[in-house]
Amino acid sequence: MVEIGIIAVGGYNEVGRNMTAIRIDKEIVIMDMGIRLDRVQIHEDVEIERMHSLDLIQMGAIPDDTIMNQIDGNVIAIVCTHGHLDHIGAIPKLAHRYRAPIIATPFTIELISQQLKSERKFRIDNLLIRLNAGETYRISERIELEFIRVQHSIPDCVFAALRTPEGAILYANDFKIDRYPILNDPLDENRLRRLGKEGVLAMIVESTRVDVNGKTPSETVAKDLVMDVITGIGDADTGMVVTTFSSHTARILSIIEAAKKSGRKPVLLGRSMGRYFEVARKMDYIKFPDDLIVAADRRQIDKTLKQIMSEGKEKFLPIVTGHQGEPGAILPRIADGNTPYEVEKGDKVIFSAAVIPTPLNEANRYSLETKLRMKGTRIYTGIHVSGHAAREDHWELMKMINATHVIPAHGSLSMTGSYAELAEELGYVLGEDVHLLRNGQEITLR
Ligand SMILES: [Zn+2]
């Protein structure tokens, strides 16, 4: 009889810094190593690249993996399901402590290697292994990994299924059920249903938006919203600026298409815009227009904005960073009058992103919107759909997988607790086969 342990390392008390360890007797597979950026941003002058892991653990910014010292076993692989920082951001700080390869999809591996290049404190030489959605990889004699295509809000997302002698363990963190995506294939429903029939011992699943009723709309709905606003605004002679997530390539492609349709030249501006663009461009299934203007460093950005001002704001559609009001990002700099781009009465600012509800973001966004309004800007918020499953999506997945045990993750206790209530509606019993874990706890499944 093989003993299976699930160790909640990070992301079970909060949204962010995800890390779960799955122990199959003495073989351990780590799922995700994420960072929680709001814990870093509240301090001024911190340079994460130069910081030590233990200081970041102390700040609550990265998972406290020192608990792994008490676990009897060896880490044999680190697996990441997608490239968001709350899933890969702690790799530069923690991965060197394990002699194990890092396995992820090609887009995610590119983002991980970019991160490793900018790390200044630690030398990370873990082997990087690219595994495509739909493929399997043998981690050890008894453990096989399979990547199953899902959709979220960054290219190339997967679920990770670990096949063990006791049945499969599905790591479903993060996802949405999108049957009409803009990029990559829809979620591999057939495979998930088959997996459910084969028998899933445990499903570890995100719970961020379980309290939102109904279904999260498809990314095609977001595309319609973007198209409707950008091509539907009558004032063709005003300035227009869009802000969205730099990592949300599908959304950026929709905005670029809308820009072209409305006769404006799309321009990508910002350090992270440039960074994700470089990675996306390497993937042959992502097509950007050849004449797309991209400016990533400050000098280039200001030069481009100057050019826009002299040629006419109405001819361009800048797609910029700063949707959460982050100080130093492009849109807050524009609002502060710290760039050559001047917003004036009647200009439009479109937020193709929701506010990530932390007090810090809310304060920054309030200040950003107020400054823009004071200049007479017209503001369009909520031109967006989420990348996370809502309650009925969770219901659908839970039924599809039919796991013996369910472990909600990636949320505060109110979110994981709400997920447990949903599971109870399907017949699960709290503490028996739906489990609420806190950071630092391990449960053993039989
Ligand atoms: Zn994510």
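Q: Which residue is the bridge partner of glutamate 27 in β4?
A: In this predicted model, asparagine 74 is the β4 partner of glutamate 27.

Q: What makes strands β3 and β4 a pair?
A: Pairing takes at least two bridges. Strand β3 (residues 27–31) and strand β4 (residues 74–79) are joined by five, so they count as paired, and they run parallel.

Q: Which sheet holds these two strands, and in what order do its strands come?
A: They belong to an open sheet of seven strands, ordered β6-β5-β4-β3-β2-β1-β19, and its pairing is mixed.

Q: What makes β6 and β19 the edge strands?
A: β6 (128–130) and β19 (442–445) each pair on one side only. As for twist, neighbouring strands here are turned by 25° against each other on average, ignoring direction.

Q: How do you know how α5 runs against β6?
A: α5 packs on this sheet and touches β5 (102–104) and β6. Its direction makes about 160° with that of β6. Anything over 145 degrees counts as roughly antiparallel, so α5 and β6 fit that label.

Q: Why are α5 and α9 called oblique?
A: Helix α5 (residues 106–118) and helix α9 (residues 271–281) cross at roughly 135°, with their axes coming within 10 Å. Roughly perpendicular ends at 115 degrees and roughly antiparallel begins over 145, so 135° falls in between and the pair is oblique. The crossing itself is right-handed.

Q: What makes up the contact of α5 with α9, by residue class?
A: Phe107, Glu110, Leu111 and Gln114 of α5 meet Arg275, Tyr276, Val279 and Ala280 of α9. That splits into five nonpolar, one polar and two charged residues. Glu110 and Arg275 are the charged ones, because Glu and Arg are both in the charged class.

Q: Why is the α6 and α13 packing called oblique?
A: Helix α6 (residues 189–198) and helix α13 (residues 391–401) pack at about 50°, their axes 7 Å apart. Roughly parallel needs under 35 degrees, and roughly perpendicular starts at 65, so α6 is oblique to α13. Glu189, Leu192, Arg193 and Gly196 of α6 make the contact with Leu397, Met400 and Ile401 of α13. The tally is four nonpolar, one polar and two charged; Gly196 is the polar one, because Gly is put in that class.

Q: What makes β7 and β18 edge strands in the six-stranded sheet?
A: The order of that open, mixed sheet is β7-β8-β9-β10-β11-β18. β7 (136–138) and β18 (405–409) have a single partner strand each, so one side of each lacks a neighbour in the sheet. Its neighbouring strands are turned by 15° against each other on average, direction ignored.

Q: How do you know that β11 and β18 pair?
A: Strand β11 (residues 200–206) shares five bridges with β18 in the parallel sense; two would do, so the pairing holds. In detail, alanine 202 stands opposite histidine 405 of β18. Helix α14 (residues 413–425) lies across both strands and runs at about 150° to β18, which means roughly antiparallel, given the cut-off of over 145 degrees.

Q: How do you know whether the radius of gyration agrees or disagrees with that of a compact globule?
A: A compact globule of 446 residues would come out near 22 Å, and the chain has 22 Å, so the two agree. The C-alpha atoms fill a box of roughly 75 × 45 × 40 Å along the principal axes, and the chain holds 14 helices and 19 strands.

Notes:
Residues numbered from 1 in each chain as written. Predicted model: local features only at pLDDT ≥ 70, side-chain atom pairs only at ≥ 80, totals over all residues. Heavy atoms only, no water. Axes fitted to C-alpha atoms, helices over the stretch in contact; angles between N-to-C directions. Helix = DSSP H or I, 4+ residues; strand = E, 2+ residues; numbered from the N terminus. Left-handed = near helix turned anticlockwise from the far one by under 90°. Contact = heavy atoms within 4.5 Å. Rg over C-alpha atoms; globule rule 2.2 N^0.38 Å.
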